[in-house]
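Let's take a walk through a structure with more than a glance at its parts. Have the sequence and the 3D view open side by side as you read.

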Amino acid sequence: MLRYLLRRLVTMMVTLAVISVLVFIVIKLPPGDFLTTYIEDLKAQGESVDQSRIDFLRQRYGLDQPNYVQYWNWVSGLVRGDLGWSFEYDQPVSQVVGDRLWLTLILKFATVLFVYLIAFPIGVYSATHQYSWGDHGLTFLGFLGIATPNFLLALILLYLANVWFGTSIGGLMHPQYLDQAWSWGKAKSVLEHLWVPVFVIGITGTAGMIRRLRANLLDELNKQYVTTARAKGVPERRLLLKYPMRVALNPFIADIGSILPQLMSGAVIVSVVMSLPTTGPMLLSSLQSQDMYLAGSFLMFLAALTVFGMFLSDVALALLDPRIRLE
Amino acid sequence: MSERLAHYVSDRPFNPAEPVAMSPELERYYLASQWQMMWRRFKRHKIAVVSAIVLLLSYASILVTEFLAPYNLHTRNTEFIYAPPQRPRLFHEGSFIGPYVYPLKYSLNMQTLKREYEPDHSQPQKLRFFCSGDDYNFWGLILGSFHVLCPPEKGTAFFLGTDRLGRDMLSRLLYGARISLTVGLVGIAISFVLGIVIGGIAGFFGGRTDAFIQRVIEILRSLPELPLWLALSAALPANWSPILVYFGITIILGLLDWPGLARAVRSKLLSLRQDDFVVASRMMGGRPPHIIGRHLVPNFMSHLIASATLSIPGMILGETALSFLGLGLRPPITSWGVLLAEAQNVEAIALYPWLLLPMVPVIVVTLAFNFLGDGMRDAADPYH
């Protein structure tokens, strides 16, 4: 087990390192170095350029040094928790993001929980009641869920909420809590607002998960040991829970790894549509204004979250299935 | 009960070497080529066939958009800003007078400052068919003004309403299809080439090369796609012409899509390499180009086309999402995502819900590609 854990940990580190290089390339992609763009912007607005500030930034990022040094500065800063400097806000990134990172984490966690909680009973029901009306109906809903892109779903929900209740369902908390420290009231408000975005983001993944859980469980249910157990008179519920379910759970856990990137993508665009105070809208605005360090930090954060989630799902899988740790 | 037949014994001499005679149908069935068998199997998947027809019609429509759209893409009807959809009707006061619309009467509500349009039921205006309407430049080459359907003389026909500049939504939707439907095709072409080459290298050489490519694919697949697409398209220079941006976006979409295809190629190659007919061909002295071209490619091509079909909707959605967020295509290029970008805020949706209509073709096309790909994947292996 320990060896398996170690190997996975090393793989995760390597993946993160490669991703950081990719992200750094993306940061560097816009033509010219970003300081020149920044100075030009300031000049275009008729503001004077503060030479000491520019020197400070130039030195901070070592822009006069070769690329690999710059990369090293950026990455070692990330590891120390220094996320870089936002030009748009003229503040360190870590101050700009505030509790956006936490809210993103909460949203992500709630979504994964939602996917599991919804997909599991429905998948089991669909498999045990194959070709029943319930199964057909759920299958159809699942296909619709896969085909409807979640930002369109968010738009539809916004529209319906406006027509039916005359309210806006955007946001992640009551506006009065927006810039406040965490309190019980705020936490409660977040919980009240959380379910709509969680539903919207999670629905695609849930639909896919249901399909796969159903297929896996059906494969197991048709095997001979199930027939044998049934012939010996094992009660139906116990039979289902004790054997086929445990085998079918494997892909269920492993799947979250492949669903996570999808959830991340969905979360970004849905948060823009529903104006959630998570990393999504800020990533977008930073990309639009080419505030590349802010964007890079967010990109890195999202990727790291995904990779870490995959690592956790691997560990869970290893705990569940002895064959994997012995490999 | 019917009478039992007498036990029949043929009195012809028995000759085990005699060829079994087959009826022409049976012969056609057994001698069908792989593609014929796939076609036969595909036809059984009814939803896939319907989807194929829907897609064919959509793609055919983008060839003659200029004729189909009642208005030009850029025609502004300044008196009809945010006009609601007009319904085509057939019966006026109980009598059939052919397809017509009621003209819209415009008034400004002084209290809410809202534009209000009322259909005027007193004077029906007949729609014109095969007529001369807005001027256009057919595919940017030939000037013309022929339309299949035109608004009535001195009247309007906004079947799906108008936008904030008074442009007809239906016409814009039809023109938008030209961009939205082709983005996926160009993107998939790029990802197809990359997938075959990289997957082919991994599958053919195996060993270390394979392991390395596998790791790269794993890393790429663990990245959330949309943020990366966003970042890359944000890096496209702002002074590029619309057509360059279009190709830039398709390249970005294709660049991140190949890992799935490469994986499919590789696994298929690895399993085929050990198959009897490939081994036999090698034993008989077939050279690698012969083996690849004659045995391997035909075998995994069908699979590949099926999985490519399944990843086209992802690209169409990707472009829609990018343009919707304002980082993809920009006006004057019109795609469904660009149209949807107008429906981004709640106020617009609440007041002018028809701005959401471009999502209907997006969903229909996505579903159709999914079903078609499903059917093709089932048909790709006709020997099962």
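What follows is a short tour of chain A, the place where the chains meet, and some helices and strands of chain B. One thing to keep in mind from the start: this is a predicted model.

**Chain A and its meeting with chain B**

Let's begin with chain A, which has 15 helices and two strands. Of its 327 residues, 36% are buried. Now look at contacts in chain A between residues at least 6 apart in sequence: 70% of these join residues at least 24 apart.

Next, turn to where the two chains touch. Here 36 residues of chain A are in contact with 31 residues of chain B. On the chain A side, at least two residues apiece come from α1, α7 (133–147), α8 (150–164), α12, α13 and α14. Which of chain A's helices gives the most to this side? That's α14(A), with seven residues. As for chemistry, the chain A side that touches chain B has 28 nonpolar residues, eight polar ones and no charged ones.

**A covered helix in chain B**

Now find helix α7 of chain B, residues 225–234. Is α7(B) mostly covered or hardly covered? It's mostly covered, with ten of its ten residues buried. Among them are B:P227, B:W229 and B:S233. The cover comes from both chains: it includes α1 (2–28), α12 (244–273), α13 (279–288) and α14 (292–320) of chain A, along with α8 (242–255) and α11 (288–324) of chain B.

**Two helices that cross**

We can stay with α8(B), which also packs against helix α5 (residues 169–205) of chain B. Their axes are 8 Å apart, and the angle is about 50°. Angles from 65 to 115 degrees count as roughly perpendicular and those under 35 as roughly parallel, with this one falling in neither group, so α5(B) and α8(B) are oblique to each other. Their crossing is right-handed. On the α5(B) side, the contact is made by B:V183, B:V186, B:G187, B:I188, B:I190 and B:S191. On the α8(B) side, look for B:I249, B:T250, B:I251, B:L253 and B:G254. Sorted by type, the residues of this contact are seven nonpolar, four polar and no charged.

**The strands of chain B**

Time for some strands. The table lists pairs in chain B that run antiparallel.

| Strand | Partner | Bridges |
|---|---|---|
| β1(B), residues 89–92 | β2(B), residues 95–101 | three |
| β2(B) | β5(B), residues 125–126 | two |
| β3(B) | β4(B), residues 114–119 | six |

Let's put some residues on that table. B:F91 has B:F96 in β2(B) as its bridge partner. The hairpin of β1(B) and β2(B) has two residues between the strands, and in this hairpin B:E93 takes a positive phi near 50°. In the pairing of β2(B) with β5(B), B:Y100 stands opposite B:K126.

How many of the six residues of β3(B) (residues 104–109) are buried? The count is zero, and the strand is hardly covered. In its pairing with β4(B), B:S107 stands opposite B:E116. Four residues lie between the strands in the hairpin of β3(B) and β4(B), where B:L113 takes a positive phi near 55°.

As you look along any of these strands, here's a handy rule: in a regular strand, side chains alternate between the two faces of the sheet.

Notes:
Residues are numbered from 1 along each chain as its sequence is written. Chains are lettered from A and ligands numbered from 1 in the order in which they are written. This is a predicted model: local features need pLDDT of at least 70, side-chain atom pairs count only at pLDDT 80 or more; totals for chains, interfaces and linings use all residues. Two strands pair if DSSP finds at least two bridges between them. A residue is buried if 20 or more other C-beta atoms lie within 10 Å of its own, exposed if 12 or fewer, and partly exposed in between; C-beta atoms are placed from the backbone. Two residues are in contact if their C-beta atoms, placed from the backbone, lie within 7 Å. Ala, Val, Leu, Ile, Met, Phe, Trp, Tyr, Cys and Pro count as nonpolar, Asp, Glu, Lys and Arg as charged, and the others, Gly among them, as polar. Axes are lines fitted to C-alpha atoms, for helices over the stretch in contact, and angles run from 0 to 180 degrees between N-to-C directions. Angles under 35 degrees count as roughly parallel, over 145 as roughly antiparallel, 65 to 115 as roughly perpendicular and the rest as oblique. A crossing is left-handed if the near helix is turned anticlockwise from the far one by less than a right angle, and right-handed if clockwise.
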